[in-house]
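Colleague: I'm new to this structure and would love a close look at one part of it. Could you take me to the space enclosed inside the protein, and then show me how the surroundings fit together?

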Amino acid sequence: MQFIINGRAVEADVDIRTSLLDLCREHLGLTGSKKGCDHGQCGACTMLINGRRVNACLTLAVMHQEDEITTIEGIGDPDNLHPMQRAFVRHDAYQCGYCTPGQICSAVGMLEEIGRGWPSHVTIDLTRPHLDDGEISERMSGNLCRCAAYPNIVDAIREVGGGNADGRTADEKDIAMTEEVVA
């Protein structure tokens, strides 16, 4: 089977029952995406397929030959972080980090959806979704974080999506945290 993963052509000889997640993790060594529940309920395995968010544990690899598949490894790397990755670091939008790759892939895909004008269940103006906390929370509801870093995840997404976090900017948060540490 032939795939395009993170911009590279890849060949793999796997059983046709192999999930996309298992193809990437077990056969290609792309272990950034995590196997959380293996039932599509946690979002830890989220990848982008042709720019759309997909739970990789629920889709067979054979279904995605020649599709553009992007894992967290294709979003950015330590020397060249994607703006969403930088925002997650800046806003401390992770704790244990297990869900973070799926959260970041989902957030990147979600902002693309909003950019295309696709409404969600909570979109008030169906012709023009607005990036607010409710919209972000609804769109990210398929990605769970057991450490409950949700407020920081929302702040990171708002920063990258062009809005400031409710209350204060990341710079203002940094200053406040520095003042708290010094005091």
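Modeller: Gladly! In this predicted model, the lining of the largest cavity is made up of Gly 51, Arg 52, Arg 53, Gly 109, Glu 112, Glu 113, Arg 116 and Trp 118. Two elements each give two or more residues to that lining: strand β4, residues 52–55, and helix α4, residues 100–115. Helix α4 provides the largest share, with 3 residues. Sorted by class, the lining has 5 charged residues, 2 polar ones and 1 nonpolar one. The space inside comes to about 30 Å³, and a search of the whole structure finds 1 cavity of 30 Å³ or more.

You can set this beside an open site, the largest pocket, which has a volume of about 230 Å³. Its lining takes in Gly 36, Cys 37, Gln 41, Cys 42 and Ala 44, along with Cys 96, Tyr 98, Cys 99, Leu 144, Cys 145 and Arg 146. Here the classes are 8 nonpolar, 2 polar and 1 charged.

From the cavity lining, Arg 53 makes a handy stepping stone, since you can follow one of its contacts to Thr 46. Thr 46 belongs to strand β3, which covers residues 46–49. Is Thr 46 buried or exposed? It counts as buried, because its relative accessibility is 3%, and the cut-off for buried is under 20%. Beyond its neighbours within four places in sequence, Thr 46 touches Ser 33, Arg 53, Val 54, Asn 55, Gly 102, Cys 105, Ser 106 and Asn 143. Two polar links are worth finding on your screen. The side chain of Thr 46 comes to 2.7 Å from the backbone oxygen of Gly 43, and it also makes a polar contact with the side chain of Asn 143 at 3.3 Å. If you look towards Thr 70, which is 24 residues away from Thr 46 along the chain, the C-alpha atoms of the two are 9.6 Å apart.

Strand β3 also leads us to helix α1, residues 20–27, where the buried residues are Leu 20, Leu 21, Asp 22, Leu 23 and Cys 24. These buried residues pack against β3, and against β1 (2–5) and β5 (68–70) as well. After α1 comes Gly 29, with a positive phi near 70°. Further along the chain, helix α6 spans residues 150–160, and its buried residues are Ile 153, Val 154, Asp 155, Ala 156, Ile 157 and Arg 158. This helix, α6, is likewise followed by a glycine with a positive phi, Gly 162, with a value near 100°.

Now let's step back to the whole chain. It has 7 helices and 5 strands, and from the N terminus on they run β-β-α-β-β-β-α-α-α-α-α-α. Of the 183 residues in the chain, 43% are buried. Taking contacts between residues at least 6 apart in sequence, 55% join residues at least 24 apart. The accessible surface of the chain is about 10000 Å², and carbon and sulfur atoms account for 50% of it.

To retrace the route on your own display, start at the cavity lining with Arg 53, cross to its contact Thr 46, and then go from strand β3 to the buried residues of α1 that pack against it.

Note on methods. Residues numbered from 1 in each chain as written. Predicted model: local features only at pLDDT ≥ 70, side-chain atom pairs only at ≥ 80, totals over all residues. Heavy atoms only, no water. 1 Å grid on protein atoms, 1.4 Å probe; cavity = no way out; pocket = protein on both sides within 12 Å on 5 of 7 lines; lining within 4 Å. Points joined across faces, edges and corners; volume = space filled by probe spheres on them. Helix = DSSP H or I, 4+ residues; strand = E, 2+ residues; numbered from the N terminus. Nonpolar A, V, L, I, M, F, W, Y, C, P; charged D, E, K, R; others polar. Buried < 20%, exposed > 50% of the residue type's maximum accessible area, 1.4 Å probe, protein only. Contact = heavy atoms within 4.5 Å. Polar contact = N/O pair within 3.5 Å; in protein donor to acceptor, adjacent residues only side chain to side chain. Areas by Shrake-Rupley, 256 points an atom, 1.4 Å probe, with all protein chains shown as cover.
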